[in-house]
Each structure stands twice: as structure tokens, then as C-alpha cells.
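Trainee: I should like to learn how the terms used for a protein structure are justified. May we work through one example together?

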Amino acid sequence: MKKIALLILLILPFTLNAQNLVGAWERTFTSPEGDTLKNVVIFADGYQVATTFHASTGEFRNTNGGSWSLNGNMMTETIEFDSKNPGRTGSEVSFEIKVSEKQLELVDHKAIWTKIDNGKPGKLQGAWLMSGRVRNGETQSRDTNRPRKTMKILSGTRFQWIAYNTETKEFKGCGGGTYTTVNGKYTENIEFFSRDDSKAGLSLMFDFELADDKWQHKGLSSKGDPIHEIWSVRD
């Protein structure tokens, strides 16, 4: 019994820290040029993304992310994409963090993020991979194990999609901001869009449906083109 109790005590801090990380975190800072920038980090179970953009204009600066694990206070990330430094793709980085209910600190850099949400309400919270499209009534499936991926990570209130290739280390594009899910309608409020900064400020509404770990996503793209995408939960 004592051994079991000790094991629980050893596991508990890891579990609590990992659970505390899930959600969205924000840091506002001033660049060397004097611009006010935001860095938003979204943690889902096993996957994360961090993005920096101009706080008022939404001008995109950079993004990176991939898978993560936590051992005590040591965070290890396997980089799947990095818009600023693509050569890091495939590498592992480890660093010490301090996490509480409301703050996340990167110890060596003395940088602190404030929690925006804890993964709730988050009807779509988690990491998703685009696994297909429906065109002219026909479903076209996509292999989610291939190097070229489109991933979407959502917290309780924030979303970001990222298109990239783990083999060529190419970053293709991304966009993100806040979202809501009300009465079968999924609405994205775009705060940054790497391919076109002018998209910042747009709101796009889609029909959505969840069934069997699949997310059916229908509506008009930011270009006004009809889309019907299928997203699958990422393991």
C-alpha cells in the first residue's frame, strides 16, 4: 500500500502540470523595432503551436510547433514546422518551464505567458489533421501519415491551422485567432494570416458536425470559395 501511495505521489505532479498546460497562453512584448507583438501558444494533448504576430495590425511574424511531452519541469518538443528556421524541423529541444494555474514561464529566457483559457468550452478542442475533402458529392480521402500535413490545433477559445511538410521542412502557411461553436455553426475570427495580412479582422462562419472522431467543416473559404473539409482527431 505504501509503495502504491508513493507511486501516486510521484505521478501526480506530472499529471497536474501536463493538464495545466492544455489550453491557450498569451504573452505581449515589444520588439527591438518598437512594435507591440503577441505570442500565443496553444497546447492540446501531445501537440502545440506558438505564433508571434503584431498586436494591432495582425501582421504575421513567425510560427513553430509539433509534439510535446513533460517530465517534471522539463519540456521536450519535437519540431514539425518552423517558419523562421525550417532547418530545426525534425529536431528535439528541451527546456525548463514553471507552470501554475495562470502562468507559464520559460525559465532560461525569463519569459512569462498568461493563460487565456484552459481548453474549455472547447467543443473542438484538440489537434486535428485534414483527412479529406468532399467535391461534387464525392469524398476524397487524404493519408494523414504523409509528410505534407495540414494540422489545426484548438483550445477552448482559440484556433490555428498550419500547412507544412516534415520531409522537405517547408512551411506552407497558417492562420489563426479566436473561435466559437454555437448551434452547429463554427465561427473563426481571424487575427493573423501568414499568406495575406489583410485577412486579419475577418470573421468566417461554417457549418460543422462531429461524428466518430471526424469533423465535417462546410462553408466558404477566406477567398469565397465553397469548401467541405473532413478533419480527423490526431493521435
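Mentor: We begin with a definition: a residue is called buried when its relative accessible area is under 20%. The model before us is predicted.

Trainee: What makes strand β3 mostly covered?

Mentor: Strand β3 spans residues 47-54, and 8 of its 8 residues are buried. Each of them therefore falls under the 20% cut-off. Both faces are covered: Y47, V49, T51 and F53 lie on one side, while Q48, A50, T52 and H54 lie on the other.

Trainee: How do you know that β2 and β3 pair?

Mentor: Two strands pair if at least two bridges are found between them. Strand β2 (residues 36-44) and β3 share 8 bridges in the antiparallel sense, so the condition is met. One of the bridges links V40 with T51 in β3.

Trainee: What joins β3 to β4?

Mentor: These antiparallel strands are joined by 7 bridges, and β4 covers residues 60-71. T51 has T63 as its bridge partner in β4. The two strands form a hairpin with 5 residues between them, and G58 in that turn has a positive phi of about 80°.

Trainee: Why is the space lined by L129 and other residues called a cavity?

Mentor: The term applies because a 1.4 Å probe fits there but cannot get out. The largest cavity holds about 40 Å³ of space. Its lining divides into 2 nonpolar, 2 polar and 5 charged residues.

Trainee: Which element gives the most to that lining?

Mentor: That element is β11, with 3 residues.

Key
Residues numbered from 1 in each chain as written. Predicted model: local features only at pLDDT ≥ 70, side-chain atom pairs only at ≥ 80, totals over all residues. Heavy atoms only, no water. Buried < 20%, exposed > 50% of the residue type's maximum accessible area, 1.4 Å probe, protein only. Helix = DSSP H or I, 4+ residues; strand = E, 2+ residues; numbered from the N terminus. 1 Å grid on protein atoms, 1.4 Å probe; cavity = no way out; pocket = protein on both sides within 12 Å on 5 of 7 lines; lining within 4 Å. Points joined across faces, edges and corners; volume = space filled by probe spheres on them. Nonpolar A, V, L, I, M, F, W, Y, C, P; charged D, E, K, R; others polar.
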